[in-house]
Each structure stands twice: as C-alpha cells, then as structure tokens.
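Colleague: Could you take me through one part of this model up close? I'd like to hear about a single helix and the cysteines that go with it.

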Amino acid sequence: MEKRNKMIKIYIAGPDVFEKNSIEIGEKYRKLCKKYGFEGLYPLDNVINFDQPKQKIAQDIYKANKNLIDECDIVIANLNSFRGKESDSGTIWECGYATALGKKVYGYLYRTTSYLQQFEDNEILGTKTGYSDLNGRDIENFDYPVNLMIACSVEEIIIGNFEDALKKVKF
C-alpha cells in the first residue's frame, strides 16, 4: 500500500550529461517526468566539489550516481550510439547495476537499425559464420539495435525519445 502513495523515481541515464546544454536537458527531462507523475533523478542534480584532485572528483561522481540509482525505482536510459557504434559505457554500467538490483530499465534509441546495420559495407567482412569487423572480430547479429546483453536485460527498447520511453513505463 505504501508503494502506491510514494512518487515513483526514475533515474535518467545517458550521455546527455556530456552535451553543452546538459543542465537544460536535465530540466526538460525532470519536467517530463513530473508531467507523467514521476520524479526524475538526473546525474547532474548531484552536488560535487570540483575543487579537489580529479580522481577524487571521479569517485564522488560515481558514488553520487550510484546512490541515485539505489534510490530510484526505474531507469530510463539513452542507448543511442555515443562516440562510436556502441551506447555510452557509463550508461551501460548504470543499466547493468540497476538490473542487478532488480529495478526496471527502459532504453530508447532514435534509430531503427540493428547493430550489424550500423556498419558500412566497407567496415565488415563476411565469414563462414557471419560477419566480422576489419580486425577480424565477430559482429553479433541477433537483430537487436544494441548488444544482446542490454537488449535481453531491459524491459523494453523504445524507438523514439525520452518522452516516448516515459509513456511506456509500467510500474
């Protein structure tokens, strides 16, 4: 009964924190959460002392974000490719951590292509068992838009944006 009376908290994961307008993005996402009856927890809401050694700053950011995930009920993750063909590694860690805690995780992407389809023809080699990159490493081909470990562990991957993911949340 108590669960129904408390506002569901959503941790907002993704590389959006690296954008120049990251604060505005967070404000927009928190407002959207409120519109749908949730409380949004954005990593940049944390208060971090940046007047200390870099590795201490990194540890503080890690602990603060981990604490937000501990506090949340659901994670919504931006799984769009970041600095390459893969989702942001920090976001992927957050998804895995939340999944290990038994929290629901939703991901969203703008593209509809499979992971394999992200590669240009001149970036892949056909092999007897499938495809590999130019370094000879296998490229998974399970018709998922992201690595199978993420695709199989999240509640749902939504094609669209953060608000489209919010609309799909079930608790």
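Modeller: Let's start with a cysteine outside the helix: Cys-152 has 52% relative accessibility, so it counts as exposed. Bear in mind that this is a predicted model. Cys-95 is another story, buried at 1% relative accessibility. Neither one is tied up in a disulfide, as the structure holds zero of them. For Cys-95, the closest cysteine sulfur belongs to Cys-72 and sits 10 Å away, which is too far for a bond. For Cys-152, the nearest cysteine sulfur is that of Cys-95, at 14 Å. A disulfide would need the two sulfurs within 2.5 Å.

Now for the helix itself. Cys-95 is one of the buried residues of H4, along with Thr-91, Glu-94, Tyr-97 and Ala-98. These buried residues cover an arc of only 165 degrees around the axis, so they lie on the same side of H4. That fits the usual pattern: an α-helix has 3.6 residues a turn, so residues three or four places apart point the same way. Covering the buried residues of H4 are, among others, strands S1 (8-13), S3 (74-78) and S4 (104-109), plus helices H3 (54-71) and H5 (148-151). On the face turned away from that buried side you'll find the exposed Ser-89 and Ala-100.

As for its length, H4 runs over residues 89-100, twelve in total, and spans 16 Å from first C-alpha to last, close to the 16 Å expected at 1.5 Å a residue. After H4 comes Gly-102, with a positive phi near 85 degrees.

Note on methods
Residues are numbered from 1 along each chain as its sequence is written. This is a predicted model: local features need pLDDT of at least 70, side-chain atom pairs count only at pLDDT 80 or more; totals for chains, interfaces and linings use all residues. Side-chain values use heavy atoms; hydrogens and water are left out. Helices (H or I, at least four residues) and strands (E, at least two) are DSSP runs, numbered from the N terminus. The expected span of a helix is 1.5 Å times one less than its number of residues. Buried means under 20% relative accessible area, exposed over 50%, partly exposed in between (1.4 Å probe, protein chains only). The arc is that of the directions from the helix axis to the C-beta atoms. Contact means heavy atoms within 4.5 Å.
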